[in-house]
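Trainee: Could you take me through one part of this structure closely, namely the protein surface beside the DNA strand?

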Amino acid sequence: MPELPEVETIARDLAPKLRGQRIRQIRYDDYPPVFDRHSLSPRLLRGKRISGVERAGKFVVLRFGAEDLRLAVHLRMTGQLLFLPAKRSLPYTRAVFDLDDGKALVFADVRKFGRMRLFAGEPAATLAIGTDPFDRRLDAGGFSSLIARRATPVKAWLLNQRYLGGVGNIYACEALFYAGIRPKRRVGKLTSAERSRLLTALRSVLRKAIRHRGSSVDDYVDAEGLPGAFQNRLAVYGRAGMQCRRCGTPIRRIVLAQRGTFYCPHCQR
DNA sequence: ATCAGCACCTGTTGGC
DNA sequence: TGCCAACAGGTGCTGA
């Protein structure tokens, strides 16, 4: 479900609500494990005060006190991270963090793929997340050197979190549409003009999606349980057989890297 | 050292 | 209407 724009929306919403709140108690369902096998003991969180919330790749990261201690939450496909101002029970709850005054942070997940990890250290290094697409130090040259001479299809490259952190299936398809590049093209063989267009298109579509609070194609909701609005503005994702918004050609669906992949055969070369 | 393919889960949808 | 296969925003492991 959630990619960079959705996770960014959740993190921005949660930050002012959670900052200063203390973790009173934690309850969780551990089958399958909701804390991954690298996680420190969740008991360490009891009594800790939340000092900040940020996004790292597709993770929502909570920080505690002035310490190095952080909790990373990955929503995978159907995870939801919800702030509840008053006690309430939700279906598919996997973990509940009781906060001050009856407030709570709830991690719910129908498919149970989502995981959390408590760790000490820097998120990018610990979680093996590549460069953030919005990193100011990333320019066309840096982007091109991340690509190097890789033979993998450009869409598979975009989905690999070790190069760029945060791009998922929807926005990989969308960015390639706006850059005019077919998903199967070998990433290492893109011209420098194409690479440059791709970085620009990626940033632009991610920025727009954040402005519209993400895409609610299926289960995604923000920290208050409300859907985003960007699903109505998608150019190719989920539009197989429908007319391209730019040229009218039917949008094509193929499977690439085991994922549904959408593109316009006329606008993308 | 890569990388395709499958595993992990449950719910929804579309074809017959 | 009913059944069942295919599919879903992601990633981690295995074996070639």
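**The surface beside DNA strand B**

Mentor: The residues of the surface near DNA strand B (near meaning that a heavy atom of the residue lies within 4 Å of the strand) comprise four nonpolar, one polar and two charged; here Ala, Val, Leu, Ile, Met, Phe, Trp, Tyr, Cys and Pro count as nonpolar, Asp, Glu, Lys and Arg as charged, and the others, Gly among them, as polar. This is a predicted model, in which local features need pLDDT of at least 70 and side-chain atom pairs count only at pLDDT 80 or more, while totals for chains, interfaces and linings use all residues. Residues are numbered from 1 along each chain as its sequence is written, chains are lettered from A and ligands numbered from 1 in the order in which they are written, and side-chain values use heavy atoms, with hydrogens and water left out.

The residues that surround DNA strand B are P32, Y92, V110, R111, K112, F113 and Q258, and of the strand's atoms that come within 4 Å of the protein, sugar and phosphate make up 54%. Three of the residues can be followed to particular atoms through polar contacts, that is, pairs of N or O atoms within 3.5 Å. Y92 places a polar side-chain atom 2.8 Å from a phosphate oxygen of DNA strand B. R111, by comparison, has a polar side-chain atom 2.8 Å from a base oxygen of DNA strand B, and in the side chain of Q258 an N or O atom is 3.1 Å from a base nitrogen of DNA strand B.

Terms used
Polar contact = N/O pair within 3.5 Å; in protein donor to acceptor, adjacent residues only side chain to side chain.
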